[in-house]
Amino acid sequence: MSLLLIYFGLRLLFFAVTISPFVPPDEVTHFGMSSIFSKVSFLPENSPATYPYGLVTNIPYLYYWIMGKLLTVNVFPIPDLLFLRLLNIPLAFATIFIIWRTLRLLTDDRLHQLLLMVVVTNTIMFSFLSAFVTYDNLSNLLAAMAVYSFLAFVRTRSGDLLAVSFLCQLAGS
């Protein structure tokens, strides 16, 4: 399992460092939105500077707000785009961890768990998007957390887990 995760991480790092920003779908727009959010303290207003990215007041803003705030702490000598790409990789690993925990709720069979990890880490769409600046990474993580929390609620009947599931769904919306 460790070798699989190392391979996955190296592949994401390779994608993040080598692929042009014009290849991933809408990455230039997502990076631009994150940059806009990095320049304001809370939420930006529509202005001529934001018009190339659409109406910034009519979007789900959680991802852009988080990435914008993280962009302000880039003290490394790397471009901002690469910095945000590298920050999206941990979201992919967190998603994989939650997916693995979800399967552990359903079965204790190690072969099934390994097979799921092979499938998830080698799905090219997931791998490709995980290395780039896109709100899909946070959406995938929140969706996995919502499913895990709900299944854990079904098993334990803990109201806290049901509330976490609803909060993850709300945040992902």
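Modeller: A helix is taken here as a DSSP run of H or I at least four residues long, and helices are numbered from the N terminus. By that rule Ile6 lies in helix 1. Please keep in mind that the model is predicted.

Colleague: How many helices and strands does the protein chain have?

Modeller: The protein chain has eight helices and zero strands, so that a DSSP reading along the sequence gives the pattern α-α-α-α-α-α-α-α. Its C-alpha trace spans about 55 × 40 × 25 Å along the principal axes. Of its 173 residues, 39% count as buried.

Colleague: Let us turn to the surface. Which residues make the nonpolar surface patch?

Modeller: A residue can join a patch only with over 30% relative accessible area and no salt bridge. In this structure Leu3, Ile6, Leu10, Leu13, Val17 and Leu86 make a nonpolar patch of about 580 Å². Helix 1, residues 2-18, supplies the largest share, with five residues.

Colleague: Is Ile6 buried, partly exposed or exposed?

Modeller: The exposed class starts over 50% relative accessible area and the buried class lies under 20%. Ile6 has 49% relative accessibility and therefore counts as partly exposed.

Colleague: How should one read a salt bridge, and which side chains meet in one here?

Modeller: One looks for a side-chain nitrogen of Lys or Arg within 4 Å of a carboxyl oxygen of Asp or Glu. The count by this rule is one salt bridge. The side chains of Arg85 and Glu27 form it, at 2.6 Å from N to O. Arg85 belongs to helix 4 (residues 80-106) and Glu27 to helix 2, so the pair ties together parts that are 58 residues apart in sequence.

Colleague: Are Arg85 and Glu27 buried or exposed?

Modeller: Arg85 is buried, because its relative accessible area is 3%. Glu27 is likewise buried, with a relative accessible area of 0%.

Colleague: Which residues line the largest pocket closest to its centre?

Modeller: One starts with the volume: the largest pocket holds about 290 Å³ of space. It is lined by 17 residues, of which Pro60, Tyr61, Leu62, Tyr63 and Tyr135 are the closest to its centre. Two or more lining residues come from each of helix 2 (27-38), helix 3 (62-71), helix 7 (136-156) and helix 8 (159-172).

Colleague: How do the residues of that lining divide by character?

Modeller: The lining of the largest pocket has 12 nonpolar residues, five polar ones and no charged ones.

Colleague: I should also like to read the backbone. What sign does phi usually have?

Modeller: Most residues other than glycine have a negative phi. Asp26, although not a glycine, has a positive phi of about 60 degrees. Asp26 sits in the loop between helix 1 and helix 2 and is exposed, as its relative accessible area is 52%.

Colleague: What is phi at Arg157, and where does Arg157 lie?

Modeller: Arg157 has a positive phi near 60 degrees, and this residue too is not a glycine. Its place is the loop between helix 7 and helix 8. Arg157 counts as exposed because its relative accessibility is 58%.

Colleague: Finally, what separates the C-alpha atoms of Ser41 and Lys69?

Modeller: Here one sets spacing along the chain beside distance in space. Ser41 and Lys69 are 28 residues apart along the chain, and 8.6 Å separates their C-alpha atoms. Ser41 is in the loop between helix 2 and helix 3, and at 69% relative accessibility Ser41 counts as exposed.

Terms used: Residues numbered from 1 in each chain as written. Predicted model: local features only at pLDDT ≥ 70, side-chain atom pairs only at ≥ 80, totals over all residues. Heavy atoms only, no water. Patch = residues over 30% accessible without salt bridge, like charges linked within 9 Å, V, L, I, M, F, W, Y side chains within 5 Å. Areas by Shrake-Rupley, 256 points an atom, 1.4 Å probe, with all protein chains shown as cover. Buried < 20%, exposed > 50% of the residue type's maximum accessible area, 1.4 Å probe, protein only. 1 Å grid on protein atoms, 1.4 Å probe; cavity = no way out; pocket = protein on both sides within 12 Å on 5 of 7 lines; lining within 4 Å. Points joined across faces, edges and corners; volume = space filled by probe spheres on them. Nonpolar A, V, L, I, M, F, W, Y, C, P; charged D, E, K, R; others polar.
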